[in-house]
Amino acid sequence: MISKFSIISLLVSWVIFIGCTHTKEKNEQQLLLGVKIYDYDGDFKSLFASWEEIGINTVFASVDLLSNSQFKQLSIENNIKTFVILPIFYAPEETTKDSTVYAITNEGKYAEDEWVKFACPSHKEFRQSRINFIREFVKTHNPDVLSLDFIRHFAFWEKIYPNTPIDSIPNSCFDQRCVNAFYKNQNINVDVNVKTPAQIYQWIRSNYWEEWIKWKCDLITSMVNEIVNAAKEVDPEIEINLHAVPWRERDFDGSILKIIGQDFSSLSKHLNYISPMTYAHMVKQDPDWITGVVSELFQETNLKVIPSIQVDKAYLDNKLTNDEFQKNLNAALKSPSRGVIIWNWNKLVANKDKLEIFKSTIQ
Ligand SMILES: [Zn+2]
């Protein structure tokens, strides 16, 4: 005989179960509306109060900010999802300290351009130091999502405009570390006259170009895999996002693979989200381009795609108007997008008009 108590317990469990399922579904469907923030001098309580008021539910924050216990605690209390921005092969400190860490371009130069300084992606100790750092960070600060940034080969893509010929973009890495590892991997006995990075590049291009591109992409995908494994040993529930260079498959003659080494289809099995840096104004593109990049990435990966858009001009002199910001924002939110991330908070809060546009669009 079933007691009254059992029936009540069953009903209560059922209601809780349905409630949880609904909450989970709601969370799954909820758009991620957020900002990138790298540093902040003001009061954290008022910062989170502003986000609550606007309707922000996600933050992509720097290691420094997410190392701050008050910042982390407030994110939990305010139900803000935390993505920690982790630069991987961008290595200004390490390359300055030890120039042998640098990646080397096909012209035999250090992989650097202004502030953009890249480490060699085959450098075992460098890779391991990044992985160790991330493992410790997850253990100590427990972010919701790892947001892998600069997880690619060297390029100052922010200043590469439409119709740039691929041959004018530096290709890397052609140091002895990478080149020898590639020869070994492919079982190649190279001509003894092929010595300099420029000669090696030309020789590979003529003889092993497809293999080289695949090997280059594998260096990036394997790094993501190693990071994810290390992080999940500590927190099996942790999610992973990747900052994608906003180049479509055919842009710059396939440079997303040939130069950048981001093979989105292979990368997707390690990821939960992908966030293209669709800074349309910066790279001289229109709002429709944002939707195009998002759609192509979604087709290629089937992940939750969360484009990031810019607030203010960068590297160019012409203004990014309120109207253009509104159009870019609308384009970024079009299906199959799963939200939008503003680059960045400090610039948004400094511009009252754009802040109002953002608020009224997402509410
Ligand atoms: Zn290298």
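What geometry does the site of the zinc ion have, going by the angles among its 4 donor atoms? Select the ion and have a look: the site is tetrahedral, with angles of 92 to 125 degrees. (Four donors earn that label if all angles lie between 85 and 135 degrees.)

Before moving on, some housekeeping. This is a predicted model, where local features need pLDDT of at least 70 and side-chain atom pairs count only at pLDDT 80 or more, while totals for chains, interfaces and linings use all residues. Numbering starts from 1 along each chain as its sequence is written, and side-chain values use heavy atoms, with hydrogens and water left out.

**Stop 1: the zinc ligands**

Show C120, C173, D175 and C178 as sticks. The three cysteines bind the ion through SG and D175 through OD, at 2.2 to 2.4 Å. Donors here are N, O and S atoms within 2.8 Å of the metal (3.2 Å for Na, K and Ca), and since water is not among the atoms, sites may look incomplete. Along the sequence, the spacing of the donor residues reads C-x52-C-x1-D-x2-C. D175 is buried because its relative accessible area is 9%, and C178 is buried too, at 1%. (Buried means under 20% relative accessible area, exposed over 50%, partly exposed in between, with a 1.4 Å probe and protein chains only.)

**Stop 2: the core**

Next, select W51, F71, L146, W345 and F358. These have the most contacts inside the largest nonpolar core, which has 113 residues. Such a core is a set of buried Ala, Val, Leu, Ile, Met, Phe, Trp, Tyr and Cys residues joined through side-chain atoms within 4.5 Å. Colour helix α9 (residues 209–234) as well: its 13 residues are the largest share of this core. (Helices are DSSP runs of H or I, at least four residues, and strands are runs of E, at least two, numbered from the N terminus.)

Now centre on L146. Beyond its neighbours within four places in sequence, L146 is in contact (heavy atoms within 4.5 Å) with residues including V84, L86, I227, A231 and I240. Another core, of 8 residues, lies apart from the largest one; F60, V145, Y273 and I341 are among its members.

**Stop 3: rings**

Which rings pair up? The count comes to 31 aromatic pairs, taking rings of Phe, Tyr and Trp (its six-membered ring) with centres within 6.5 Å; planes under 30 degrees apart are stacked, over 60 edge-to-face, and the rest tilted. Pick W157 and Y279: their ring centres are 6.2 Å apart and their planes at 25 degrees, so this pair is stacked. W157 sits in the loop between β6 (145–149) and α7 (176–186), Y279 in the loop between β8 (273–276) and α12 (287–301), 122 residues apart. W157 counts as buried at 1% relative accessibility, and so does Y279 at 4%.

Then select F174, F182, Y183, Y201, W203, Y208, W209, W212 and W215, which form one aromatic cluster. Add R205, which lies over the face of W209, 5.1 Å from the ring centre. For another charge over a ring, go to K284, whose charged end is 4.1 Å from the centre of Y161. (The rule: NZ of Lys or CZ of Arg within 6 Å of the ring centre and within 35 degrees of the ring normal.)

**Stop 4: K258 and T164**

K258 is in helix α10 (residues 255–260). Is K258 buried or exposed? K258 counts as buried, at 18% relative accessibility. Its contacts beyond four places in sequence include W209, I213 and D253.

Finish at T164, in the loop between β6 and α7. T164 counts as partly exposed at 23% relative accessibility. Draw a C-alpha to C-alpha distance to D251: the two are 9.5 Å apart in space and 87 residues apart in sequence.

Conventions:
Tetrahedral: all angles 85-135°; square planar, octahedral: opposite > 155°, others 65-115°.
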